[in-house]
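Work through the exercises below with the sequence and the 3D structure open. Try each task before reading its solution.

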Amino acid sequence: MKNKSEIKIKDAFDHGKAFIGFVTGGDPSVEKSEEIILKMVAAGCDLIEIGIPFSDPIAEGPVIQEANLRALAAGTTTDRLFELAARLREKTDVPLVFLTYLNPVFRYGYEAFCARCEEAGVNGIIIPDLPYEEKGELLPFAKARNVDVISLIAPTSEQRIKEIASEATGFIYVVSSMGVTGVRSEIRTDLGTILSAVKESAKVPAAVGFGVSTPEQAAGIAKMADGVIVGSAIVKLVAQYGADAGQYVYDYVREMKDAIR
């Protein structure tokens with residue numbers, strides 16, 4: 001096990017293509033989230049994204065929206081997820097990232113939130129509704145606490161790709177398709193063009209998410225990107241199997257990780 005301060009997001013990309021898995025923290029309970037995340041790590045997950053449940057998750061499709069509601073109904077709070085992250089950090093040195101919205105971070109206080117991330121061993125935050133132009137308010141607090149604010153690049157960002165990519169830290173989250181998160185039968189975005197523009201300017205790896213659910217999709221994306229991000233397909237298994245989801249999630253992550261090796 002590494003020392004907490006030695007763990008960096010780039011570690012996830014040091015052994016070939018990275019598999020990044022997402023769970024909604026506290027669905028079906030904080031205790032079960034811990035069990036499921038450790039199963040994901042055991043199955044080969046290189047980086048874990050933990051969603052902080054929020055009442056109005058605008059970037060999410062129905063699967064993750066419902067998981068947010070279940071987690072909130074189960075009494076999940078941001079503080080309980082900081083405690084979860086701290087427990088995970090004692091058991092694994094896989095990088096951890098929170099996915100949240102600006103309102104919860106703003107209300108917690110930028111400085112306090114970033115300080116808690118550092119204490120708990122959370123390496124980065126993804127905030128889908130934080131406009132690129134407005135991240136300046138949060139950035140100094142995040143930098144002071146060694147927390148990467150992960151940049152998102154969407155298919156509409158073409159003019160801004162180089163600007164966003166050149167300043168990105170941790171990794172770049174390339175959004176595969178317009179709209180909200182969710183399982184898609186096919187991904188039509190010209191990812192090759194977007195990724196080559198990203199790679200020209202970025203100093204950090206680029207991973208693709210939104211809609212990836214099958215080993216075939218993951219293998220195709222891994223040919224172009226440094227990593228593959230999967231959320232809704234994992235959250236669906238948690239919705240389906242509840243407290244017993246751990247083994248099903250393990251088997252699924254294992255299959256996806258094998259597909260991108």
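The exercises deal with salt bridges, a buried charge, cavities, a pocket and backbone angles.

The model is predicted, so local features need pLDDT of at least 70 and side-chain atom pairs count only at pLDDT 80 or more, while totals for chains, interfaces and linings use all residues. Residues are numbered from 1 along each chain as its sequence is written, and side-chain values use heavy atoms, with hydrogens and water left out.

**Exercise 1. Salt bridges**

Find how many salt bridges the whole structure has, and describe the bridges of D11, E133 and K199.

Solution.

Step 1. Side chains of opposite charge can pair when their charged atoms come close. A salt bridge is a side-chain nitrogen of Lys or Arg within 4 Å of a carboxyl oxygen of Asp or Glu. The search of the whole structure gives 15 of them.

Step 2. D11 pairs with K2, at 3.0 Å from N to O. For accessibility, buried means under 20% relative accessible area, exposed over 50%, and partly exposed in between (1.4 Å probe, protein chains only). D11 is buried, at 10%, whereas K2 is partly exposed, at 38%.

Step 3. E133 forms a salt bridge with R160, and their closest N and O atoms are 3.0 Å apart. Helices (H or I, at least four residues) and strands (E, at least two) are DSSP runs, numbered from the N terminus. E133 lies in the loop between β4 (124–126) and α6, and R160 in the loop between β5 and α7 (161–167), so the pair ties together parts that are 27 residues apart in sequence. E133 is exposed, with a relative accessible area of 57%, and R160 is partly exposed, at 31%.

Step 4. The side chains of K199 and D226 meet at 3.9 Å, N to O, in another salt bridge. This pair links distant parts of the chain: K199 is in helix α8 (residues 191–201) and D226 is in the loop between α9 (215–224) and β8 (227–230), 27 residues apart. K199 is partly exposed, at 39%, and D226 is partly exposed, at 23%.

Step 5. Salt bridges can also join into networks, as with E34, R87 and K91.

**Exercise 2. A buried charge**

Decide which side chain of opposite charge is nearest to R89, and what R89 makes a polar contact with.

Solution.

Step 1. Locate R89 in helix α3 (residues 78–91).

Step 2. Lys and Arg count as positive and Asp and Glu as negative; His and the chain ends are not counted. R89 is buried and has no salt bridge, and the nearest side chain of opposite charge is D93, 6.2 Å away.

Step 3. A polar contact is a pair of N or O atoms within 3.5 Å; within protein, one must be able to donate a hydrogen and the other to accept it, and residues adjacent in sequence count only if both atoms are side-chain atoms. The side chain of R89 makes such a contact with the side chain of N123, at 3.1 Å.

**Exercise 3. Empty space**

State how many cavities of 30 Å³ or more there are, and describe the largest cavity and the second largest pocket.

Solution.

Step 1. On a 1 Å grid over the protein atoms alone, a cavity is a set of points where a 1.4 Å probe fits but cannot get out, and a pocket is an open set with protein on both sides within 12 Å along at least five of seven lines; lining residues have an atom within 4 Å of a point. Grid points are joined across faces, edges and corners, and a volume is the space filled by probe spheres set on the points.

Step 2. There are 2 cavities of 30 Å³ or more. The largest has a volume of about 40 Å³, and its lining consists of V23, T24, D27, S33, I36, V235 and V238. β1 (18–24), α1 (30–42) and α10 (232–241) each give two or more residues to that lining.

Step 3. The second largest pocket has a volume of about 470 Å³. Its lining has 26 residues, and N123, R145, N146, V147 and D148 are the closest to its centre.

**Exercise 4. Backbone angles**

Say where the cis peptide bond is, and what phi N146 and F210 have.

Solution.

Step 1. The cis peptide bond joins D27 and P28, with omega about 5 degrees. P28 is in the loop between β1 and α1.

Step 2. N146, in the loop between α6 and β5, has a positive phi near 60 degrees. N146 is exposed, at 58%.

Step 3. F210, in the loop between β7 (206–209) and α9, has a positive phi near 80 degrees. F210 is buried, at 10%.
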